[in-house]
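Let's take a friendly walk through a structure and look at how its chains meet. Keep the picture open beside you as you read.

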Protein chains: 4
Amino acid sequence: MPSAYILTIACPDRIGIVATVSTFLAVQQCNIIDSAQFGDPDTRRFFLRIHFEMPDDGPGRPELERLFAGVAATFDMQWELHDAGRKSRLMIMVSRFGHCLNDLLFRCSTGTLQAEITAIVSNHADFERIAEMHGIPFHHLPVTKDTKREQEAAVAQVIEDTRSDVVVLARYMQVLSAEFCSRYPGRIINIHHSFLPSFKGASPYHQAYARGVKLIGATAHYVTENLDEGPIIEQEVSRVDHAHLPDALVNVGRDVESLVLSRAVRYHVEHRVLLNGHRTVVFR
Amino acid sequence: MPSAYILTIACPDRIGIVATVSTFLAVQQCNIIDSAQFGDPDTRRFFLRIHFEMPDDGPGRPELERLFAGVAATFDMQWELHDAGRKSRLMIMVSRFGHCLNDLLFRCSTGTLQAEITAIVSNHADFERIAEMHGIPFHHLPVTKDTKREQEAAVAQVIEDTRSDVVVLARYMQVLSAEFCSRYPGRIINIHHSFLPSFKGASPYHQAYARGVKLIGATAHYVTENLDEGPIIEQEVSRVDHAHLPDALVNVGRDVESLVLSRAVRYHVEHRVLLNGHRTVVFR
Amino acid sequence: MPSAYILTIACPDRIGIVATVSTFLAVQQCNIIDSAQFGDPDTRRFFLRIHFEMPDDGPGRPELERLFAGVAATFDMQWELHDAGRKSRLMIMVSRFGHCLNDLLFRCSTGTLQAEITAIVSNHADFERIAEMHGIPFHHLPVTKDTKREQEAAVAQVIEDTRSDVVVLARYMQVLSAEFCSRYPGRIINIHHSFLPSFKGASPYHQAYARGVKLIGATAHYVTENLDEGPIIEQEVSRVDHAHLPDALVNVGRDVESLVLSRAVRYHVEHRVLLNGHRTVVFR
Amino acid sequence: MPSAYILTIACPDRIGIVATVSTFLAVQQCNIIDSAQFGDPDTRRFFLRIHFEMPDDGPGRPELERLFAGVAATFDMQWELHDAGRKSRLMIMVSRFGHCLNDLLFRCSTGTLQAEITAIVSNHADFERIAEMHGIPFHHLPVTKDTKREQEAAVAQVIEDTRSDVVVLARYMQVLSAEFCSRYPGRIINIHHSFLPSFKGASPYHQAYARGVKLIGATAHYVTENLDEGPIIEQEVSRVDHAHLPDALVNVGRDVESLVLSRAVRYHVEHRVLLNGHRTVVFR
């Protein structure tokens, strides 16, 4: 039985990268299943994602990594090698709206999302029973202005204890401190309930209603120190009309939010998202 | 052969409006083909659009209007009665991008857009021959900072001379003065090449590229004194990805712009758009 | 506090229907919140849905019905009056794919779907625990060719015992007998996992793969004696490409199926769907 | 100034194809701009499209082709090398609906479609003047049952005389003979005004109306001897409802048809479409 891996690379663009990497893999008897690439003409950065299989009698992962390190050094590559069969460890943070949580729980349980939920963290107790039903540890970590530092320390402890690869803010309605955010670059995914950069900040559906837009949207992005400014992973919209009051917008928005967030998380755990400055390359 | 009319009404909401209007029409032997309504719970305004037929031996339009004026007064109605068979007189303003112009010309020629193009006005001469091919008067009215006032006066003269009902800014790249805009409330439709309120102002596709959005959009709106702030009539988006450089965004955007503008113009000339403060009610 | 009702009407088209109904309601001090209508020029049938409020000191529902019966008789109306605040009683049938079930359970629990799930019926035992977690009675009714008649009798008994208004086939993979279907006209909603009329019958995703389509879809329809031929309530599609093998199509399809089915059920329980021969009128 | 080329390859799948091709290009000092690949696990066929630049002091096209022929033979490749800057020569056939024709003319004129229209062929004279306005030769080739063979011979003559690479049936309402179709495999693109395989044959919009579908669609496909069965290149849909009579469906459909056909033609002239049996691989 062959093992499957995903190799992601970012490096300065120049002639021969694909040739070198694909030849390296061919020599190691690795078979490319899927490959996608992008050369950014602005930044002259090159991005590559290769999904490949290594045969049973291949070199094995440690030896492959050792050998590839030499190639990578030549091209000044940032690279990661992921076991394609391994599930990402995903911690979910949520406040009182459970639609994204429910959606992620279901997708993980059916395997359409290759992830294992390590913990559910909330500043409210509402979803304790749901976590229990799914056999997932629940951490009730309430927060006030005065306890933000302590609460975030407790959150960080859960991330560490559970060895979580990624944190998903599934409608977590607290603003995380810049300090906290900067500790996990490219590892925290948030769903913002508007089509960014429209309607940043609080109550985007009320803002959308006031402006009279004809489509509402949702945006999944990596969290950075600058609120609602992180690299966008995925966006989607849904049609509304004059008869949609803010409450109706909220209801329509739930479906879009769930869809967008689940897509973004899937892209992330399948190692399809590469950071390109404050933008993303997404190999869908 | 019956004649068809479209009656639009806006008035304070209260019990009995539909009953009164529909009874009035039934008494006059008019048959309702289509009717749509909306009561805004915020503003307590009520909006109604009725498409109806009057038989040959009906009262005729002047008498109908005379009779209805009494009803309207009782309910403090703003109302308009339109001959459903009459084509709106539409003046197009354009600069150097012709995709929206071409689209509108074609839709008018095939009758899918119930409008007659009265004139094409441009600050460039590029489309003179196209206008000529379609037998439409072309007015080349170049403009500089210093001649803006005179140029706008000339534009206003064309509107008047051609008795145009509505002006469509089909990628007209000059900012009209507040004075000009305020002369034609609800009668100038602009296409902005972004999903407003994102990316107001100049070069929205470059702004979209810089932000790394995953969908680009277009917005058709009525022009008011406040640039890019007018009531939105229609919006649409199209998916893009990291490989779309600004030029590619511009190309993808053309199709969305043409589509959105043609829909907005169709809604307008079919009297489906009612102003509700700085928002619109659109009875699609 | 006023009570809200939804009145749906289907009758031969003629002048004065809206006038009569709206005047009737105004006289009873009822305030129209929303109204939609459609006159089918082919069949000359007229369809009307009115959402209205009756004040506390109004005539009350029994008296309103008694009075309206006279109006209805005059116009040969089929009509129904529904309490807008009452939740429809919904029985779900499911086999082994749980995405639509999970979606409906969540929407009912949050109130975005105004329905109460009376029972979950399945020919498999897979979802017994999920039903239990939600406190909903679960009926495991396995079926073979030889026991179809008895099994359907048992299903009918559950419908009766639970006084269910509507049955939702949320990926129930057994073909119901014509006899069973004909007992519940307009009361059984099925989700078919293709864009009907394409790919009727079994394994639509495999059929879609074989044909090389670029979009896959789902269709929610009322169940009639003719398999996959019932009146369509809602459809939606999702983009796929050559790299989607049948298993990937199944995964993409899940989201479309859940969305389409939940929309169709919502339209139904909000009394927005009227039958027009083998088609539907849907007042969205 | 480097020259850009597009290399397309189809061959049996095995280890080392990408390595070999990319190394070959690197050795020739060619820089890969874009590359996409697909290995079909069903047929074990491998598909590759590489967009690359050759420097001024590179080997030149003839030498590159000579050298690559050796590589290709080793892997049993079907391959084509296209000059990325060359415009495809496109002949349009049309009957009486001009929306797709107008759309293609405009896109070619603005350069968003990299194609040169060599001739417009029609069985009607309606668009003679439009062809003239664009300076494109127009061939009025009427056809009856009895003259089909002669007319198709005349059409073939135009294709030959104009050295057209591809023929676009832009709502050409005559069925071409199997004999004619088989002469141009993968070179005739048709727009069918339904979401195939739904509503094959005549009057798809009337069929769609009769079935009461909630979305209508259009399908662009290569023409084969089997009517409406050719490999699908692109599809799209648009939402409709019960109020859309067949004429309204036709109007809504025009926009979808134009969009789908223009996308398919663009994919084709950019050499993004590879045939995979009776399906297509489309590297968008």
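## Where chain A meets chain D

Between chain A and chain D, four residue pairs are in polar contact, both residues having pLDDT 80 or more. A polar contact is a pair of N or O atoms within 3.5 Å; within protein, one must be able to donate a hydrogen and the other to accept it, and residues adjacent in sequence count only if both atoms are side-chain atoms. On the chain A side of this meeting, α1 (17-27) and β2 (31-40) each supply at least two residues. By class, the side of chain A that touches chain D has six nonpolar, seven polar and two charged residues. Here Ala, Val, Leu, Ile, Met, Phe, Trp, Tyr, Cys and Pro count as nonpolar, Asp, Glu, Lys and Arg as charged, and the others, Gly among them, as polar.

How many residues touch here? The contact joins 15 residues of chain A with 15 residues of chain D, where contact means heavy atoms within 4.5 Å. About 1200 Å² is buried between chain A and chain D, with carbon and sulfur atoms giving 54% of it; buried area is the accessible area (1.4 Å probe) that two parts lose on being put together, summed over both. In chain A, the residues that lose the most area to chain D are I15(A), N31(A) and Q37(A), together 39% of what that side buries. Zero salt bridges are found across this interface.

## How to read the model

This is a predicted model, in which local features need pLDDT of at least 70 and side-chain atom pairs count only at pLDDT 80 or more, while totals for chains, interfaces and linings use all residues. Residues are numbered from 1 along each chain as its sequence is written, chains are lettered from A and ligands numbered from 1 in the order in which they are written, and side-chain values use heavy atoms, with hydrogens and water left out.

## Where chain B meets chain A

Now turn to chain B and chain A. Here 38 residues of chain B are in contact with 38 residues of chain A, and about 3300 Å² is buried between the two chains, 53% of it on carbon and sulfur atoms. R211(B), K214(B) and H242(B) lose the most area to chain A in chain B, together 22% of what that side buries.

Five salt bridges are counted between chain B and chain A, each being a side-chain nitrogen of Lys or Arg within 4 Å of a carboxyl oxygen of Asp or Glu. E234(A) forms one with R239(B), and their closest N and O atoms are 3.1 Å apart. The count of residue pairs in polar contact between these chains is 25. On the side of chain B that touches chain A, β11(B) gives the most, with seven residues. That side has 18 nonpolar, seven polar and 13 charged residues.

## How the two copies are related

A turn of 180° and a shift of 0.0 Å along the axis lay chain B on chain A with an RMSD of 0.0 Å, the copies being superposed by least squares on the C-alpha atoms of residues with pLDDT of at least 70 in both. The two copies are therefore related as by a two-fold rotation axis. The same surface serves both copies, since 100% of the contact residues of chain B recur in chain A.

Which residue of chain B comes closest to the rotation axis? That is S198(B), at 2.4 Å (C-alpha).

Methods: Helices (H or I, at least four residues) and strands (E, at least two) are DSSP runs, numbered from the N terminus.
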